[in-house]
Amino acid sequence: MSGDARRERAAHIRELLRTEGDNVSENVGTFNEGRYRRYAEMDDVDELRAEARAIKEDAIERLPDLIEQLRETVEGNGGTVYLADDAADANEYVQSVATDIDAGTAVKSKSMTSEEIEVNDALAEVGVDTYETDLAEFVLQLDDEEPSHIVAPAVHRSREDIAELFERRFDLDEPLETAEELTTFASDYLEERVAEADIGMTGANFVTADTGTLALVTNEGNARKCAVAPETHVAVAGVEKILPSLADLPPFLELIGPAGAGQDVTAYLSLLTPPVDTPAIDFDAPDTPGFGDPDERDFHLVLIDNGRMEMRADDDLRETLYCVRCGACANSCANFQQVGGHAFGGETYSGGIATGWEAGVHGEESAAEFNDLCTGCSRCVDACPVNIDIPWINTVVRDRLNRNDDPDAFDHLVEGLTPDAEPGGMDLGKRLFGNFETLAAVGSMTAPLSNAVGDSRPVRAALERVVGVDRRRDLPRFRRETFRDWFEARDADGPDDPARSVALYPDVYTNYVRPERGKAAVRLLEALGVDVVVPDAGGSGRAPLSQGMIATARDRAEAVRDVLTPDIAAGRDVVAVEPSDLAMFRGEYERLLPESDAERLADNSYEVLEYAYGLLENDADAAALAGPEAAETPRAAAEHGVAYHSHCQQRTLGLEAHTVAVLEAAGYDVVTSDVECCGMAGSFGYKTEYYDLSEAVGDELREQFTDADAADRLLLASGTSCLDQMDSLFERRGYHPVRLLDPAGDPGSGA
């Protein structure tokens, strides 16, 4: 990416933060609060999510057979099925339906699939005026604006915006002010459109192959009106919406409301098996008793491929087809919460899962603009009702985009010289961040000169211009003595009769930038009766993976496996200080290593305070940990307690509670943050185009930890990136919790 492109993107993001950020944050925050509450109330939520995923896996596996079964069922019911290859094919068919009945108007219920094929424009070409009946879609149609959210298209608009829009478009005598007034006005207006419409169009949340039933989940009931009021009903659905049977619906119907908008249940659930038997009302003769002829009802189900069957054959994009379009991934994304879908969207879809959809139905280039907004924090994985690994889909698309870049004239000069397995033509910034391990090793060998050079204004200007490292963000300070150097030179014996033995993984940051936390981890584990070795292992592959450099990440994973496997075979547990590296061992390595290797490492790996928690649960002495009364503990911590921010991936792994429990066992009073993310997320906050967004995301954490209950507490965070962000957000510095618990250390000294 050129410097001009970075500046343009940064300016676009700043404008969205200014104009839409508050509305998006407020509305999406409400959805999240509801989801957390409802998921917590549901005793069987994990079972439902697993069941829903299993049904989708089975349905996509059998999709060709289910399409044919559905065709036979719908046609047996008296309807018509058309399988469209792409958007143009689908629109030609819909146009032919409209032309055959000489339609003048159509009413439409919200449907992302119809947005995908832009059917409104197609109908306009044959003289049909189409009216959106969902209130949010109606607002956007009036302002000729694109949706910013999959299920809440106008989430970026305020009530005041909408009132001003209505007054401007309808030349109202009296301004509309309250939500009730706005809703009533729109409802009355659209009711007239429904009554005069020749065609009603809907999407479908699900279509069952055994009965031909459409399941429509809405909050306004407008889909039901569109489906049954006009005599001709056209339903547009992607082929992935097909479920084998009506009996498969319950887990989805229980999950989709809580996941999407934090609702106990959605307001309207319509199960229709069209063409329905109820005759259409003759709105032209409202005083005539009775109804029209039910035989005049006409139903067309347009099933759309548009790239979906290719996605089905793609091992990495296939999971996208399990998506139920609830928007939970967008709601849970800290970046989306600040800028919404107008920064996070492609041609049609927005939010975390959008990368998969856009790459599949519009092509990978359509996903390029917003793909980097996914930081891989993994919070969406917990939110998704069908357990889709959305960060992996984003990583795969990022990797493919990297490989589609055209090599420039000078790439041959560095071919074979770069410390990675990537092709020429990659964005230089991504290549730099992806090779941070090499940079850190060189920086450590040449420190403190490297740090001084990095601080110089000409170097910072060049880094910003050439590779996009924002000059406002402090760079890591490399340490001349690495953590491994310290451990090898250390003149100390471990416990006499160790209860356990561990290989403490020296991640890149612990080894080259923050060795004090590694030293603290060694002393803490030994104090709890554990023998510690520090293997000669390199980076886990997290840095290249975050840049979409999958081949390089696989090389790193294989190297780490080769080093750690003998330790595991010798009976040692693997303990990681950095949560994002543990997440690699327990998660992404199953994508990068042979199954048995990945399982062995995942089953034997632990986060350091998760491990300490296990030791304490097995009778290790908590008195060995430094508590608030320890002489080395900062006075502020002893007097006012600690404020702890858990790393995103640590929370996804369910490990936050272990750290809190160990801190409390040592005697600390702990408050925790409840923000989705601090906004740093590894390299993200260093990049010029995202620096302002990173700071905006971090504001919520800053506000929480500067309020009356936390302002005087010692700041703690487990993730390196979180600590970097804290250093920029707060006047007081933050520490890894292990530093505070170090029985021999002084948290106030060192980096």
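Here are a few notes on this predicted model, covering R53 and the internal cavities.

1. Let's start with R53, which sits in helix 3, the stretch covering residues 45-61. Is R53 buried or exposed? Its relative accessibility is 17%, so R53 counts as buried, given that the cut-off for buried is under 20%.

2. What does the R53 side chain pair with? It makes a polar contact of 2.9 Å with the side chain of E319. If you skip the neighbours within four places in sequence, R53 is in contact with E319 and Y322, and also with V386, N387 and I388.

3. On to the empty space: six cavities of 30 Å³ or more turn up when the whole structure is searched. The largest has a volume of about 160 Å³. It is lined by 21 residues, and C333, C374, T375, G376 and C377 are the closest to its centre.

4. Which helices help to wall off the largest cavity? At least two lining residues each come from helix 14 (328-332), helix 15 (334-339), helix 19 (379-383) and helix 20 (390-404). By class, the lining of this largest cavity splits into 13 nonpolar, seven polar and one charged.

5. The second largest cavity comes in at about 80 Å³. It has 13 lining residues, and the ones nearest its centre are C323, C326, C329, C384 and P385. Here the lining has 11 nonpolar residues, one polar and one charged.

Definitions and conventions. Residues are numbered from 1 along each chain as its sequence is written. This is a predicted model: local features need pLDDT of at least 70, side-chain atom pairs count only at pLDDT 80 or more; totals for chains, interfaces and linings use all residues. Side-chain values use heavy atoms; hydrogens and water are left out. Helices (H or I, at least four residues) and strands (E, at least two) are DSSP runs, numbered from the N terminus. Buried means under 20% relative accessible area, exposed over 50%, partly exposed in between (1.4 Å probe, protein chains only). A polar contact is a pair of N or O atoms within 3.5 Å; within protein, one must be able to donate a hydrogen and the other to accept it, and residues adjacent in sequence count only if both atoms are side-chain atoms. Contact means heavy atoms within 4.5 Å. On a 1 Å grid over the protein atoms alone, a cavity is a set of points where a 1.4 Å probe fits but cannot get out, and a pocket is an open set with protein on both sides within 12 Å along at least five of seven lines; lining residues have an atom within 4 Å of a point. Grid points are joined across faces, edges and corners, and a volume is the space filled by probe spheres set on the points. Ala, Val, Leu, Ile, Met, Phe, Trp, Tyr, Cys and Pro count as nonpolar, Asp, Glu, Lys and Arg as charged, and the others, Gly among them, as polar.
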